[in-house]
Each structure stands twice: as structure tokens, then as C-alpha cells.
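Q: I should like a close look at one part of the structure shown here, followed by an account of how other parts of the chain are arranged. Please give the reasoning wherever a conclusion depends on it.

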Amino acid sequence: MDAGQWRGKRALVVGMARSGLTSAKLLHVCGADVTLYDAKPREKLVSALHQLGGIAVTEAFGVNPIAWIESHPVDLMVLSPGVPYRTPFIEAAKARGIEVIAEIELGYRAAQAPIVAIGGTNGKTTTTALTGAIFEAAGRNTYVLGNIGEPLTKCALETKPDDVIVAEIASLQLESTSEFRPRSCALLNITEDHLDRFGTMDYYIDVKCKMFANQRPEDVCCLNADDLIASSLCDRVKGRLLRFSRLREVEEGAFVRDGWITFRMDGRETPICPAADVRIPGAHNLENALAAVCVSMPMGVSAAAAAEALRTFPGVEHRIERVCEKNGVCYINDSKATNPDSSIKAVQAMTRPTVLLLGGSNKNSDYTPLFRAFDGKIKAVVALGETADQILRDAKITGYSAIHHCAGSFEDAVRLAASLAEAGDNVLLSPACASYDMFDNYEVRGRVFKAIVTNF
């Protein structure tokens with residue numbers, strides 16, 4: 001893409017989180033006239049402003065945003081993921097002819113490298129990191145970006161055509177895309193999540209599908225054949241359709257046969273490695289491994305490189321991460337589980353009796369499927385945070401009674417969970433909720449958990 005396309009443009013960057021800051025820097029480098037907007041007043045944004053490194057920007061903090069755009073010329077508006085697309089502010093901007101795009105749209109337009117995108121409700125972070133490891137094992141200069149950590153706009157301008165960007169793409173990022181087009185992508189699954197933002201499942205699914213809406217016949221889209229919703233979306237795929245499945249063979253894509261991960265495309269089958277060689281545990285991680293194989297093999301990756309990554313990839317922080325063992329109790333950090341379906345996968349991966357820490361900020365989720373999935377593995381639940389009352393109600397609906405409400409601090413809840421465990425048990429932080437009632441993000445929550453249990 002031509003980075004000069006923004007020279008002289010008047011750009012309004014909305015939101016002062018990481019993606020907003022990197023978007024402002026990218027646009028400044030490309031010669032745009034940049035204004036920063038955030039609902040917070042300036043005194044609460046000093047730390048964020050310091051990260052801009054002194055670049056020249058106009059500030060519009062704590063102002064009425066509709067009034068501001070009505071009195072200032074704007075050519076382009078770039079939204080951080082946390083900014084809802086369907087708001088009067090955005091509608092007013094579009095009505096004035098302002099182009100409104102997502103941060104990942106800006107990064108896509110600025111990048112020279114092809115993008116391999118990983119989307120879905122759960123498993124994105126692990127699959128993105130694993131896919132990045134596969135490309136690195138293949139000798140490709142690889143950027144692992146997006147919702148996994150560093151925004152796409154941070155590194156887009158430094159990429160080259162022979163590089164590859166592996167990007168975790170969340171629905172909150174996709175909502176305001178228009179031209180975004182990955183060369184290869186995988187949709188892992190779709191389950192109920194973020195209904196506080198999207199309102200209905202139909203709209204949530206529509207937004208997820210924007211990941212591959214602009215693909216062309218030469219591009220690749222990989223769908224999970226084992227997921228009810230994802231597998232129903234074949235008619236929306238405009239690129240080459242591949243599937244992945246851990247339960248059955250697929251016509252084209254990745255599957256398991258006689259215990260071996262196998263990739264099939266253009267009538268040619270390529271054995272990768274035994275499924276038992278995948279280092280990260282759990283059936284859901286075998287699914288993630290198949291997705292990573294499926295999305296990377298069409299991009300010229302060798303079977304040997306894929307096998308090496310599958311055998312050596314250790315997993316990611318905050319996703320079923322074994323922290324330590326104290327007095328025979330194993331402490332596991334799964335703070336990345338921000339919805340019930342993700343926590344179900346963590347519960348299914350447990351091999352010892354487990355005390356579960358459950359709760360956080362509200363996303364209008366239903367927790368009854370989680371309680372029904374316990375299958376005797378969860379000996380006790382500690383409910384905490386903003387959603388504790390709803391969790392208690394859903395537990396009662398399902399007849400689960402070994403539940404304890406902690407109305408105190410996060411550390412109080414962790415200590416209560418530890419007191420309920422005995423030698424041979426796990427204590428699992430898998431909240432099934434976002435973290436914003438107590439923490440800035442799930443990473444902070446996970447690191448606080450690790451600090452607490454390490455110091456027991």
C-alpha cells in the first residue's frame with residue numbers, strides 16, 4: 001500500500017489506548033495532520049501522551065465529540081477497538097462524509113507484507129502465536145500482531161513484501177473495517193460473546209465474517225468443520241475454502257487420520273506429525289494446531305517447519321498456564337478466558353479435582369452451560385467481581401451448590417480458593433468474564449494472580 005496516501009489528510013484518532021497511540025504515530029510519519037480525541041480529560045492521559053514521544057498533534061480531550069467534528073474539518077477518523085461503531089458520534093461523522101475506519105484497517109493499508117488473520121470467539125491468541133511460530137520455523141520474517149498484543153499499526157510501515165504478518169483479529173476490531181483483506185485466514189469458532197456491544201448473535205456473526213468479506217479467489221479461508229456456526233458460513237466465503245477438523249476427514253484442509261495430523265490440498269496429502277506430538281495440552285489445542293496448519297500450509301510453509309513448531313510451542317501466557325505448585329496444589333492462570341465457552345475448554349483440560357475462580361465484569365453472558373460442563377471436575381467455585389450475583393443465580397439453576405461468594409478483594413478470592421484446595425488439586429483462574437471491574441485488562445489480572453500464588 002502507498003503510505004503517502006495520508007499526506008496532508010486531517011485525521012482524527014479516537015481513543016488513547018495502545019492502538020490509538022500507534023495509529024497516531026503512523027499517520028504522523030505519513031504526513032497527516034493528526035488530532036487525538038478521548039472522552040477522558042487531559043490530566044488522566046498524561047502517561048499515554050508521554051508515549052507519543054513528542055510528535056506534533058492537536059488535542060481534543062474531554063470535549064463533546066459531535067460538536068467538535070461539526071466545527072473542525074476531518075478527512076479520516078480512526079477508531080480504537082473499544083469504540084463502538086454504532087453510536088451517534090460515528091453516525092454524525094459518516095453523515096459529514098468522514099471516512100471512519102478501524103485501527104487494523106489503517107495497519108492493513110499501510111503494510112506491505114501479506115496478512116494471515118486468525119479470528120473466532122476462543123482460541124485466537126494461542127492459534128495466532130502458534131501460527132507465528134510455524135512461519136518463524138519456516139524461516140520467514142514474521143510479525144505477530146493485532147489483538148494478541150502489539151497493534152498492527154505499530155509495525156505496518158516496516159514490513160516488506162517477503163515478510164508475513166500473523167494477526168489476531170477480534171470482532172471489536174473488525175466492526176469498522178472496509179477494505180481489510182487477509183491473504184489467508186482461519187475462523188476458529190463462534191459462540192456467544194460481546195453481546196453487550198453487538199446486541200444480537202446475528203450481528204456478532206456478521207462482524208466476524210468481515211474478516212474474509214473482501215477476499216478474492218486466490219486467497220484462502222479456513223473454517224472449523226467441528227463448530228456449528230463457523231461450519232455454516234461456507235456460502236459467505238469468497239476465497240478458496242479449506243476446513244479443519246479433529247473429528248473427521250475433510251475434503252480439503254487439515255484433519256487427523258490414524259493419529260496423524262494431515263493436510264490435503266489439490267489432491268495431495270501431506271502428513272505433518274502425530275497428534276500426540278502437539279506440545280500444548282487439550283482437545284481444544286489440537287483444534288488450534290489444525291487451524292494453524294490449515295492457514296499456513298497454503299502460504300508455502302513446509303511440513304517439517306509446521307511439525308517443529310507444533311512439537312516445541314509451549315503455549316501463551318494467561319491461557320491454561322501452569323504457574324506453580326504449593327503444598328501439592330497446582331495453580332493455573334487462565335485469565336485469557338473472558339467468556340464461558342473459553343472457560344469450558346479450560347475445565348475440560350483439567351486432570352485433577354479443581355477449585356475454579358469465576359467472575360469479573362459483565363458481558364451479558366449465560367453461565368449455565370459452564371456449570372453443566374463441569375462433569376465432576378470442579379470441586380468448588382469461588383464467585384467474585386461484578387458478575388458474582390449472576391453466577392450464583394446460574395449455579396442455582398443448574399443445581400450446582402459447591403459455590404462460595406467472595407465480596408472482598410481479588411486477593412481475598414484467591415486465598416479463599418486456595419483454602420478450599422488440598423494436595424492433589426488445582427486452583428484454576430478461568431473467570432469466564434472480562435476484567436474491567438477490577439483490572440485494566442486480562443493480562444494485569446493474570447499477572448496479579450501469579451504474584452499472589454507465587455508468594456503463598
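The request concerns one helix, and a single connected answer follows. Which residues of helix H15 (residues 388-398) are buried, which are exposed, and what do the buried ones pack against?

A: The model is a predicted one, and every statement below should be read in that light. Helix H15 covers residues 388-398, and its buried residues are Ala388, Gln390, Ile391, Asp394 and Ala395. Viewed down the axis of H15, these buried residues fall within an arc of 160°, so they line one face of the helix. Arg393, Lys396 and Ile397 lie on the other side of H15 and are exposed. The exposed side thus includes the isoleucine Ile397, while the aspartate Asp394 belongs to the buried set. The packing partners of the buried residues are S17, H14, strand S18 (378-383) and strand S19 (403-405). After the helix comes Gly399, which has a positive phi near 85°.

Two of those partners, strand S17 (354-358) and helix H14 (368-372), are connected by a loop that contains Asn364. Asn364 is not a glycine, yet its phi is positive, at about 60°. Most residues other than glycine have a negative phi. With 46% relative accessibility, Asn364 counts as partly exposed.

Another positive phi in a residue other than glycine, near 60°, is found at Ala432. Ala432 sits in the loop between strand S20 (426-429) and helix H17 (442-454). Its setting is enclosed: Ala432 has 1% relative accessibility and counts as buried.

Strand S20 also holds Leu428, which is buried with a relative accessible area of 0%. Leaving aside residues up to four places away in sequence, Leu428 touches Ile332, Asp334, Ala346, Met350, Thr354, Val355, Leu356 and Leu357. In this way Leu428 contacts residues within the range of S17, the strand against which the buried residues of H15 also pack. By contrast, the C-alpha atoms of Leu428 and Gly149 are separated by 23 Å, and these two residues are 279 apart along the chain.

The cysteines may be considered next. A disulfide is a covalent bond between the sulfur atoms of two cysteines. The structure holds zero disulfides. For Cys406, the closest cysteine sulfur is that of Cys433, at 14 Å, which is too far for a bond; the cut-off applied is 2.5 Å. Cys406 is buried, at 9% relative accessibility. The sulfur of Cys30 is likewise 14 Å from its closest cysteine sulfur, in Cys155, again too far for a bond. Cys30 is buried as well, with 4% relative accessibility.

Elsewhere in the chain, strand S1 (residues 10-14) and S2 run parallel and are joined by five bridges. Within this pairing, Ala11 has Val34 as its bridge partner, and Leu12 stands opposite Thr35. Four of the five residues of S1 are buried, so S1 is largely enclosed by the rest of the structure. Strand S2 (residues 33-38) is largely enclosed for a similar reason, because five of its six residues are buried.

An open sheet of nine strands, with mixed pairing, has the order S7-S8-S6-S9-S10-S11-S12-S13-S14. Its edges are strand S7 (142-146) and strand S14 (268-274); each has a single partner strand, so one side of each is left without a neighbour in the sheet. On average, neighbouring strands of the sheet are turned by 20° against each other, direction ignored. Inside the sheet, strand S11 (residues 240-245) pairs with strand S12 (residues 253-257) in the parallel sense over three bridges, and Arg243 stands opposite Gly253 in S12.

Finally, Gln173 belongs to helix H8 (residues 171-174) and is buried, at 5% relative accessibility. A polar atom of the Gln173 side chain lies 2.7 Å from the backbone nitrogen of Ala170. Beyond residues up to four places away in sequence, Gln173 touches Pro81, Ala102, Glu103, Ile104, Gly146, Asn147 and Glu168. One of these, Gly146, falls within the residue range of the edge strand S7.

Methods:
Residues are numbered from 1 along each chain as its sequence is written. This is a predicted model: local features need pLDDT of at least 70, side-chain atom pairs count only at pLDDT 80 or more; totals for chains, interfaces and linings use all residues. Side-chain values use heavy atoms; hydrogens and water are left out. Two strands pair if DSSP finds at least two bridges between them. Helices (H or I, at least four residues) and strands (E, at least two) are DSSP runs, numbered from the N terminus. Axes are lines fitted to C-alpha atoms, for helices over the stretch in contact, and angles run from 0 to 180 degrees between N-to-C directions. Buried means under 20% relative accessible area, exposed over 50%, partly exposed in between (1.4 Å probe, protein chains only). The arc is that of the directions from the helix axis to the C-beta atoms. Contact means heavy atoms within 4.5 Å. A polar contact is a pair of N or O atoms within 3.5 Å; within protein, one must be able to donate a hydrogen and the other to accept it, and residues adjacent in sequence count only if both atoms are side-chain atoms.
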